[in-house]
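Got the viewer open? Let's walk through this one stop at a time, with something to select at each stop.

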Amino acid sequence: MSDAFCEKTIFESWETGGYRMYRIPGMIVTQKGTVLAYYEARMANGDWGKENIIMRRSEDNGLTWSDRIMLIEQPQESTDTYHNVVLFPDRNGDIHMLWHRNYCQCFYQKSVDDGVTWSEPREITEVYERFRKEYDWNVIAAGPGHGIQLANGRLFVPVWISTGGKRHRPSVLSCIYSDDHGDSWERGEIIWDKDGFVNPNETGAIQLDNGSVLMNIRHESDDTHRAVSVSKDGTTGWSKPVLDPVLADPVCFAGIVKGIYPGSGKSFVLFSNCNFDGSYQYDPETGKRFHKDDRIHLTIRISEDDCQSWKYSRELEAVSGYSDVAVSKDGSTFFCLYEKDWENGSWGCTRHMAVARFNLEWVRENS
């Protein structure tokens with residue numbers, strides 16, 4: 001009998017707790033093995049309304065979770081948008097956090113007690129100002145999802161910037177990074193491709209076995225399969241983005257994380273996204289009609305060759321949205337925090353924030 005498992009837990013339901021909905025998930029596992037799940041608590045529809053950031057903690061490998069923790073809460077009289085939070089687990093035990101306000105400011109905080117308490121916010125918008133000579137932005141955002149720490153200790157997060165004004169587009173993609181555990185921040189090169197690569201924005205990253213950094217990119221080109229770009233040092237010389245023919249995508253944020261199999265020391269990449277390319281508009285089994293950008297078929301994939309191919313895949317949820325993934329400290333348990341269901345066919349109005357806990361056997365059982 002298979003020892004595979006998959007457990008799903010609803011964290012939040014829409015129109016509860018004083019919020020309209022919960023969106024934009026992110027996950028990390030700390031050096032102590034604590035799982036942190038965080039997401040936006042929105043008081044209105046859309047990306048630009050009043051929002052707080054909520055977190056939940058699990059100290060038993062995702063079996064149980066804390067009640068909601070107000071990670072970033074704004075004053076009652078404020079109407080600001082608090083958004084695009086990314087956390088970084090540091091090998092020294094610290095946890096680093098970036099978050100944004102009104103798509104024009106970025107703040108940094110740090111926790112030295114496994115995410116229980118945090119330092120006071122310190123504004124680091126200046127690092128984005130260094131893009132202005134090349135791209136005169138009026139919108140900034142990181143991730144979302146999580147940042148990573150490279151083998152040399154560098155903290156790294158993809159960022160996107162836009163001249164659209166309260167829109168995601170037009171946009172370009174780059175990164176910001178810190179080589180001193182968050183004390184100071186620098187910018188990387190913009191990933192330029194003017195040959196048909198349209199509006200790259202919300203992006204995840206991993207470090208490959210050879211030390212290079214790979215960006216897995218959402219974009220709005222005619223063919224919306226996920227794009228990838230690679231840099232040898234994670235800041236400069238980004239390769240021309242190319243499409244991954246396996247990773248169909250309806251222009252939606254995806255989760256990606258590197259892990260190590262227990263015992264063997266062999267690396268793998270865990271990936272989650274809505275696996276839909278708009279190739280059909282009608283499902284005869286359910287009678288539902290779909291648009292090409294509907295967020296359906298949330299699928300978990302595993303690569304064992306640094307994203308050159310995807311060996312295993314399995315659908316996790318039929319109707320979903322944004323997702324992020326994490327791997328337990330010992331490499332045996334996987335987590336996916338994701339938006340589940342939508343209201344009245346609208347992919348921008350999700351009904352639930354949920355987490356799934358599963359393992360390798362569950363993913364490859366039906367592959």
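## Start with the rings

Select Phe11, Tyr19, Tyr22, Tyr39 and Trp65: ring pairs join them into a cluster. Keep in mind as you look that this is a predicted model. Leave Phe11 on screen and add Arg56, whose charged end sits over the Phe11 ring, 5.1 Å from its centre. For another arginine over a ring, select Arg23 and Tyr322; Arg23 lies over the face of Tyr322, 4.7 Å from the ring centre.

How many aromatic pairs does a search of the whole structure find? There are 19. Two of them are worth a stop.

Pick Trp48 and Tyr103 for a tilted pair, with 4.0 Å from centre to centre and 35 degrees between the planes. Trp48 is in the loop between strand 3 (35–42) and strand 4 (51–58), while Tyr103 is in the loop between strand 7 (95–101) and strand 8 (105–111), so this pair ties together parts that are 55 residues apart in sequence. Switch on the surface and compare the partners: Trp48 is partly exposed at 26% relative accessibility, whereas Tyr103 is buried at 2%.

Next, select Phe334 and Phe358. Their ring centres are 5.9 Å apart and their planes meet at 80 degrees; an angle over 60 counts as edge-to-face, so that is the label for this pair. Phe334 belongs to strand 25 (334–343) and Phe358 to strand 26 (346–358), and the pair links these distant parts of the chain, 24 residues apart. Are these two rings buried or exposed? Phe334 is buried, with a relative accessible area of 1%, and Phe358 is buried at 0%.

## Zoom out

Now go to a cartoon view of the whole protein. You should be looking at two helices and 26 strands. Along the principal axes, the C-alpha atoms fill a box of roughly 55 × 45 × 40 Å. The radius of gyration is 19 Å, which agrees with the value near 21 Å for a compact globule of 367 residues. If you colour by accessibility, buried residues make up 60% of those 367.

Two buried polar or charged side chains make handy landmarks for distances. Asn52 lies in strand 4 and is buried, with 3% relative accessible area. Draw a C-alpha to C-alpha line from Asn52 to Phe253: the two are 20 Å apart in space and 201 residues apart in sequence. Then move to Glu339 in strand 25, which is buried at 0% relative accessible area. From the C-alpha of Glu339 to that of Val112 is 29 Å, with their positions 227 residues apart along the chain.

## Into the largest pocket

Select Pro89, Gln149, Val257, Lys258 and Gly259. Of the 30 residues lining the largest pocket, these are the closest to its centre. The space in there comes to about 860 Å³.

Which strand gives the most to the lining? Strand 19 does, with five residues. To see the wider setting, highlight strand 2 (21–29), strand 11 (148–149), strand 15 (203–207), strand 19 (255–260) and strand 24 (312–327), each of which supplies at least two lining residues. Colour the lining by class and you get 16 nonpolar, nine polar and five charged residues.

## Backbone oddities

Hide the side chains for the last leg. Step along the bond from Gly143 to Pro144: this peptide bond is cis, with omega near 5 degrees. Pro144 is placed in the loop between strand 10 (139–142) and strand 11. There is a cis peptide bond from Arg169 to Pro170 as well, with omega near -5 degrees. You'll find Pro170 in the loop between strand 12 (155–162) and strand 13 (171–178).

Now check phi at Asn102. It is positive, about 55 degrees, although Asn102 is not a glycine. Asn102 lies in the loop between strand 7 and strand 8 and is partly exposed, at 27% relative accessible area.

Finish at His181, another non-glycine with a positive phi, this time about 60 degrees. His181 lies in the loop between strand 13 and strand 14 (186–187), and counts as partly exposed at 34% relative accessibility.

Notes:
Residues numbered from 1 in each chain as written. Predicted model: local features only at pLDDT ≥ 70, side-chain atom pairs only at ≥ 80, totals over all residues. Heavy atoms only, no water. 1 Å grid on protein atoms, 1.4 Å probe; cavity = no way out; pocket = protein on both sides within 12 Å on 5 of 7 lines; lining within 4 Å. Points joined across faces, edges and corners; volume = space filled by probe spheres on them. Helix = DSSP H or I, 4+ residues; strand = E, 2+ residues; numbered from the N terminus. Nonpolar A, V, L, I, M, F, W, Y, C, P; charged D, E, K, R; others polar. Phe/Tyr/Trp six-rings, centres within 6.5 Å; stacked < 30°, edge-to-face > 60°. Buried < 20%, exposed > 50% of the residue type's maximum accessible area, 1.4 Å probe, protein only. Lys NZ or Arg CZ within 6 Å of the ring centre and 35° of its normal. Rg over C-alpha atoms; globule rule 2.2 N^0.38 Å.
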